[in-house]
Amino acid sequence: MSGVLLAGGAAAALFASVLSTQGVSSAPDGPPEKIQISVKTVNGSGCPKGTTAVAVAADNSAFTVTYSDYLAEVGPGADPTDIRKNCQLSLGVHVPQGFTYAIAQVDYRGYGYLEKGAKGTEKASYYFQGSADTASRTHDFGGPYNDNWQTTDSTDYSALVWAPCGQDRNFNVNTELRVNAGTSPAGTTSFMAMDSTDGGVNTVYHLAWKECPSAVR
């Protein structure tokens, strides 16, 4: 039966790091000027050059990352290294003066085909530039499975961690897809994809906003 697999949880590494939130007042609507996000570096077997793009929502509520060649697979014709694909993104985030942001939720989407006995994994790690702490969330899938998948990493508003006011810090995220044949029948293929060749599959980073002390009247 058709459906979307949902898996939720708190991304503790990014959302509970040591960055200070002291002296920041609430401004949930965000800045009137549009934020600027640029891809500083892209590395990994899941995101060859030219296969990744970033777009910012008009209301600054989120930004999306799309992939067009991100697939892990196991089975006939697959190379041994194809069982794991990853992508390390370093995003330059320029926030309008007087505001700071936090990543409140991240939604990952893709498609999976897992034979009975096969297993798939989606993993993500997050950290701000200059932070020694890295947090990770892992979501596991089991076959048989043949459908879209979605996972969500989120945290409570009270536990959000904010980027330092007045500083542009790169936001880094490392994602990973992995497939294990497990006890699936010999000669069969299983795969997990975070692929957006049709423009309809992407990763969505939802933003929360606050005003910095200098902007408070």
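**A pocket, a core and paired rings**

Me: Which residues lie nearest the centre of the largest pocket, and how many line it?

Reply: V95, F99, C165, G166 and Q167 lie nearest the centre, among 17 lining residues. The model is predicted: local features need pLDDT of at least 70 and side-chain atom pairs pLDDT 80 or more, while totals for chains, interfaces and linings use all residues. Residues are numbered from 1 along each chain as its sequence is written, and side-chain values use heavy atoms, without hydrogens and water.

Me: What makes a space a pocket, and what makes a residue part of its lining?

Reply: On a 1 Å grid over the protein atoms alone, a pocket is an open set of points with protein on both sides within 12 Å along at least five of seven lines, and a lining residue has an atom within 4 Å of a point. The largest pocket holds about 180 Å³, a volume being the space filled by probe spheres set on points joined across faces, edges and corners. Strand β8 (strands are DSSP runs of E, at least two residues, numbered from the N terminus) gives the most to this lining, three residues.

Me: Why is a set of residues called a nonpolar core?

Reply: The name applies because its members are buried Ala, Val, Leu, Ile, Met, Phe, Trp, Tyr or Cys residues joined through side-chain atoms within 4.5 Å. Buried means under 20% relative accessible area with a 1.4 Å probe, protein chains only. The largest such core has 38 residues, and F63, Y101, Y108, F171 and Y205 have the most contacts inside it. Strand β8 supplies its largest share, six residues.

Me: How do you know that F171 and Y205 form an edge-to-face pair?

Reply: Rings of Phe, Tyr and Trp (its six-membered ring) pair if their centres lie within 6.5 Å; planes under 30 degrees apart count as stacked, over 60 as edge-to-face and the rest as tilted. The rings of F171 and Y205 are 5.8 Å apart, centre to centre, with 80° between their planes; therefore both conditions are met. F171 lies in strand β12 and Y205 in strand β14, 34 residues apart. Both residues are buried, and they join F63, Y108 and Y126 in one aromatic cluster.

Me: What makes the link between the side chains of E115 and Y113 a polar contact?

Reply: A polar contact is a pair of N or O atoms within 3.5 Å; within protein, one must be able to donate a hydrogen and the other to accept it, and residues adjacent in sequence count only if both atoms are side-chain atoms. The two side chains make theirs at 2.9 Å, so the distance satisfies the limit. E115 lies in the loop between β8 and β9.

Notes
Buried < 20%, exposed > 50% of the residue type's maximum accessible area, 1.4 Å probe, protein only. Helix = DSSP H or I, 4+ residues; strand = E, 2+ residues; numbered from the N terminus. 1 Å grid on protein atoms, 1.4 Å probe; cavity = no way out; pocket = protein on both sides within 12 Å on 5 of 7 lines; lining within 4 Å.
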